[in-house]
Amino acid sequence: MAHQTPDLIVRRRYLRLDCLCLLLLMLSACSSSDQIEQQSRTAASASQTVLMALDAWAAGAAPTAYTVDTLQSIGKTLADVGEQIRSAETSAPAEQASLTKAVNDLSAAVARAEAGLQADDRPGVQNAQQDLRLASRSLVTAYAKYVAPKP
Amino acid sequence: MKLLRDLLDKQVVDREQVKIGKVDGLVAELRSGKPPRIIAIELGSITLARRLGARPGRWMARLAVKLGGRQHGEPHRIAWHKVKDIGIDLEFDIDVRETSIFAWQDWLRDHVIGRIPGA
Amino acid sequence: MKKLMEISLGVVTSVGGFLEVGSMATAAQAGAMFGFQLIWAVVLGTICIIFLVEMSGRFAAVSHHTISDGIRERFGFNVFLWPLLAALLVNFLVLSAEIGGVAIALEFATGIGFQWWALPVALLAWLLLWKGTFGFIEKGVSILGLVTLCFVVGAVMLRPDWTAVARSALPSMPVHDVANYWFMAVSILGASISPYLFMFYSSGAIEDRWDKSYLGANRAIAGLGMTFGGTISIGVLIVAALVLATHGVTQVDDYHQLPLMLIPIFGFWGFVLFVASLAIACFGAALEVGLQQAYLVAQGFGWNWGEDRKPRDDPGFSATYTISLVLAAIPIALGLDPLRITIFSMALTAASLPLTVVPFLFLLNDKRYVGEHRNGILSNAAVIFIIALGFVLAVVTIPLQIFGGT
């Protein structure tokens with residue numbers, strides 16, 4: 001009797017592990033598995049954040065220090081996202097390349113805007129904002145091409 | 001009265017209504033031919049650790065001796081005949097200041113808390 | 001008249017306790033990504049917390065015991081140890097998150113990095129606990145906490161489609177990001193049903209010397225106060241949906257994004273209001289959670305406790321909140337992202353619910369504690385529902401943390 005108990009415990013533990021694995025599998029299947037798709041959406045959201053922050057700053061509604069910090073932080077996110085998209089494995093290398101380019105353009109524009117903020121160079125910031133809008137538009141186009149059903 | 005249900009883990013207060021601790025353990029005397037009789041309650045970390053098992057109990061006792069000296073190697077006991085009132089709390093006719101139950105709190109007060117301004 | 005004062009004060013106080021960095025961050029994330037769709041989670045969480053708070057207030061008023069006292073006495077030390085450890089751990093994370101929330105607000109206001117603010121914030125909180133009285137802390141937190149109403153004002157000013165808002169009070173299936181959707185639902189529930197809230201409430205009832213005559217007030221405070229708090233959370237969610245999502249900001253995983261919610265509505269004042277709301281709500285919550293850590297330990301081991309007493313009279317009690325505050329400040333001072341700690345701690349709170357809620361089923365039905373004021377069918381059904389919900393949350397939280405977490 002006594003030697004049976006540990007065995008039972010072990011078996012029950014295996015069962016619980018099995019359940020957990022099954023659950024993990026199910027969830028991983030549900031969650032959007034495409035790295036590039038997810039990262040592109042993060043990039044889109046990040047670029048809109050920067051535009052919002054810059055608009056707020058231009059209207060005098062956000063302090064410069066806060067705006068600079070925001071751009072720095074989002075800039076890091078964009079750099080990270082660009083790297084992830086570039087290195088992801090995909091069957092659509094052309095679309096991947098245009099997505100990578102769009103994200104890199106975004107990163108560059110954010111960096112310019114940040115420099116403009118620090119130098120209190122309003123026209124410079126406005127230019128960077130313009131580039132940011134353009135880059136985020138090309139991101140949207142590239143994303144649409146990427147998710148479109150292939151012929 | 002069901003001892004375990006009604007006594008164990010109850011709040012203990014002294015005659016000044018100072019909260020001393022909870023009834024962490026009960027000490028009973030086994031009598032031949034008669035039901036066992038409660039002779040004391042125990043308080044403190046050693047008793048609590050013993051409830052988790054023999055080994056944690058030994059560890060805690062060793063730790064208590066190391067920190068507080070030999071006199072802290074045994075749990076605190078309050079004799080059952082000192083009990084004054086059994087209500088929501090168990091009131092004992094003792095003064096906690098005359099026991100060593102709060103030795104660590106006193107130490108804490110004298111060495112740490114009391115030295116911080118505004119205490 | 002005095003009772004009415006007491007009720008309104010209680011209502012306001014519970015708002016201070018309800019709205020903190022967790023409910024603000026989770027509501028903002030949910031609104032940005034899913035629009036109004038997750039309002040049901042706030043509603044469900046609010047209903048659950050109303051029941052739990054009412055019960056812990058009733059338990060304290062009738063039995064003169066706090067919930068932690070009750071768990072220890074009714075179930076014994078060996079059982080009590082589990083909710084104790086779970087609550088200490090969850091509270092530690094929540095306290096860290098709240099200190100982080102204040103630190104972020106100070107970073108927004110000054111431009112000095114949040115990690116430098118962690119220790120000063122902890123010190124200020126400690127000073128208030130050290131010198132202040134329970135009533136002072138309770139009232140101070142609550143009156144200043146009213147600034148968070150700016151989210152409700154903002155939501156109304158944005159003229160949302162109220163029928164769509166009302167429709168979202170019922171759950172619906174997500175059309176995209178399924179794992180994220182459920183992870184956010186879990187985090188919102190964790191943020192709303194916080195164990196520290198109902199455990200703190202029962203200690204507060206003892207500190208304020210409640211007796212049976214407070215049962216009516218207790219019911220009113222629990223119902224109105226939590227509804228009030230939930231309304232503000234919904235306000236945050238609506239604002240996030242209408243401001244962030246419409247600007248294309250769908251993912252809130254950087255705390256810098258949060259002030260942008262109010263700026264389009266109030267301009268520069270929006271920034272100020274956001275910073276003030278975040279700082280005050282989180283600071284109030286930090287005081288409560290820090291105090292709750294000390295209540296929990298002191299009540300569990302039967303020491304003297306009471307915020308109105310001098311620290312030197314309760315060395316164990318005051319040492320506990322001191323250590324809790326210092327420990328909780330460390331992760332923030334080391335520069336760990338407060339938003340991540342927040343989201344993580346909310347999910348963990350949800351997972352720990354069964355441990356802290358199961359005792360309610362026994363304590364609130366035990367005649368020796370609550371006599372004729374036992375739970376009715378409705379309250380018991382609510383507890384059983386929350387326990388079941390807690391178990392489901394506990395099982396799904398860990399995998400969701402891996403796949404849905406940001």
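Student: Which residues is A:L139 in contact with, leaving aside its neighbours within four places in sequence?

Tutor: Contact means heavy atoms within 4.5 Å. In this predicted model, A:L139 is in contact with A:S40, A:A43, A:A44, A:L99, A:A102, A:V103 and A:L106. The C-alpha atoms of A:L139 and A:A43 are separated by 8.4 Å, yet the two residues lie 96 residues apart along the chain.

Student: Is A:L139 buried or exposed?

Tutor: Buried means under 20% relative accessible area, exposed over 50%, and partly exposed in between (1.4 Å probe, protein chains only). A:L139 counts as buried because its relative accessibility is 2%.

Student: Which elements of chain A have the lowest and the highest mean pLDDT?

Tutor: pLDDT is the predictor's confidence in each residue, from 0 to 100. Where it is low, the predicted coordinates should not be read in detail. Helix α1 (residues 4-30) of chain A has the lowest mean, 48, and helix α3 (residues 64-87) of chain A the highest, 94. Helices here are DSSP runs of H or I, at least four residues; strands are runs of E, at least two; both are numbered from the N terminus. Over residues 1-6 of chain A the pLDDT is below 50, with zero contacts beyond near neighbours in sequence.

Student: What is the strand order of the open sheet in chain B?

Tutor: Strands of a sheet pair through backbone hydrogen bonds, either parallel or antiparallel. Two strands pair if DSSP finds at least two bridges between them. The order is β2-β1-β7-β6, with mixed pairing. The edge strands of chain B are β2 (19-22) and β6 (83-86). β1 (residues 11-13) of chain B pairs with β2(B) in the antiparallel sense over three bridges.

Note on methods:
Residues numbered from 1 in each chain as written. Chains lettered and ligands numbered in written order. Predicted model: local features only at pLDDT ≥ 70, side-chain atom pairs only at ≥ 80, totals over all residues. Heavy atoms only, no water.
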